[in-house]
Amino acid sequence: MKAGIHAKRILLMVAPLALMLCAAVVVPVALERWEDRRERLDAIQAERVALYRARLEPCPGKVDSTGIKELALRPGEIGVDVFPEFAAPEGFRLSHASLSGHAGVSAAGYLPPPPPPPGRAEVNQAIEPLAPTYKTFPPVVLPQALGARALETLKAEIDHADAAGSMGLDGITYILRYDDKCAFAWSPAPGTRAHKIVGLVNALDSLSKEDARNATALHADVSRWIAELESDTRELAD
């Protein structure tokens, strides 16, 4: 009986020391692992925020209409023009209810060229006007909810265009306009917000040139890009 009591007393005396020793060893290791995990999560979040902020750029100057009556924007409409490096431009007009595509010419004037490198004189080169040969496509009627979401999404992206300049020589330029506002992207890198905006633009461009009877199959692509942009905004907006 006494042996059992002594053993219990020894155990009660030793247990706190064992716990303290265990804490002295385990706690620093756990804290170090937690710090490593937190640093990794912070790095991942910082990268996501950086990609989110790589969005549209404000147009460097006033972008005028090319004066083609059929492609003129009505108040509140969004006009998008796509300028591939080695192909004719194309684009579309978007309202809350319909989408009208065009190809072979642009509705927007060209962006002014980037400034010359330091020490080099600027060369004024007139841009030859495009031949007035182009095609317009019959308007595609959009479901009301989808049209409204697409319109508001692109307007918000134009309003918040603040990325630094990244324009180069070879690539595709996307010009987005509504009312007196203008923004653009130039061959954005995958994963950036500008790349996702261009994904939505390309989906709408394809839809604007699709036969109305087959257009419904492309609605899912448009909706998917909008949902991804909306999700990023909810999670990463300042």
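In what order do the elements of the protein run from the N terminus on? The order is α-β-β-β-β-β-β-α-β-β-α-α, which gives the protein four helices and eight strands. Please keep in mind, as you look around, that this is a predicted model.

Here is the overall picture to begin with. The protein has 238 residues, and 35% of them count as buried. If you take the contacts between residues at least 6 apart in sequence, 71% of these join residues at least 24 apart.

**The nonpolar cores**

In soluble globular proteins, nonpolar side chains tend to be buried together. The largest nonpolar core here holds 33 residues, and Leu94, Leu154 and Leu176 are the ones that touch the most other members. Two or more residues each are given to this core by β2 (78-83), β3 (90-94), α2 (144-159), β7 (173-178), β8 (181-186), α3 (193-208) and α4 (216-236). Helix α3 supplies the largest share, seven residues.

Leucine 176 is a good place to zoom in. Beyond its neighbours within four places in sequence, leucine 176 is in contact with Leu56, Gly79, Val80, Leu154, Ile158, Lys181, Cys182, Ala183, Ile197 and Val201. Apart from the largest core lies another one, of seven residues, including Cys59, Val63, Phe83 and Ile175.

**Helix α2**

Next, have a look at α2. This helix has 16 residues and reaches 22 Å from its first C-alpha to its last, close to the 22 Å expected at 1.5 Å a residue. Its buried residues are Leu146, Gly147, Ala150, Leu151, Thr153, Leu154, Lys155, Glu157 and Ile158. Among the elements that cover them are β2, β3, β7, β8, α3 and α4.

**A disulfide across the chain**

How many disulfides does the count come to? The count comes to one disulfide, formed by cysteine 59 and cysteine 182, with their sulfur atoms 2.0 Å apart. The pair links distant parts of the chain, 123 residues apart: cysteine 59 is in the loop between β1 (57-58) and β2, while cysteine 182 is in strand β8. The torsion about their S-S bond is about -55 degrees, so the disulfide is left-handed. Both cysteine 59 and cysteine 182 are buried.

**Two buried residues and their partners**

Two more residues, alanine 108 and aspartate 232, are worth a visit. Alanine 108 has its place in the loop between β4 (98-103) and β5 (135-136), and it counts as buried because its relative accessibility is 0%. Setting aside neighbours within four places in sequence, alanine 108 is in contact with Val63, Asp64, Thr66, Asp81, Phe83 and Arg177.

Aspartate 232 is found in helix α4. Why does aspartate 232 count as buried? Its relative accessible area is 11%, and buried means under 20%. Residues up to four places away in sequence not counted, aspartate 232 touches Arg48, Tyr52, Arg193, Lys196 and Ala237.

For each of the two, the table pairs the residue with a partner, giving the separation in sequence and in space.

| Residue | Partner | Apart in sequence | C-alpha to C-alpha |
|---|---|---|---|
| Alanine 108 | Aspartate 64 | 44 residues | 5.9 Å |
| Aspartate 232 | Arginine 48 | 184 residues | 9.1 Å |

**Rings and charges**

Finally, a word on the aromatic rings. The count comes to zero aromatic pairs. The ring of tryptophan 225 does have the charged end of arginine 224 sitting over it, 4.8 Å from its centre.

Notes
Residues numbered from 1 in each chain as written. Predicted model: local features only at pLDDT ≥ 70, side-chain atom pairs only at ≥ 80, totals over all residues. Heavy atoms only, no water. Core = buried A, V, L, I, M, F, W, Y, C linked by side-chain atoms within 4.5 Å. Buried < 20%, exposed > 50% of the residue type's maximum accessible area, 1.4 Å probe, protein only. Contact = heavy atoms within 4.5 Å. Expected span 1.5 Å × (residues − 1). Phe/Tyr/Trp six-rings, centres within 6.5 Å; stacked < 30°, edge-to-face > 60°. Lys NZ or Arg CZ within 6 Å of the ring centre and 35° of its normal. Disulfide = S-S within 2.5 Å.
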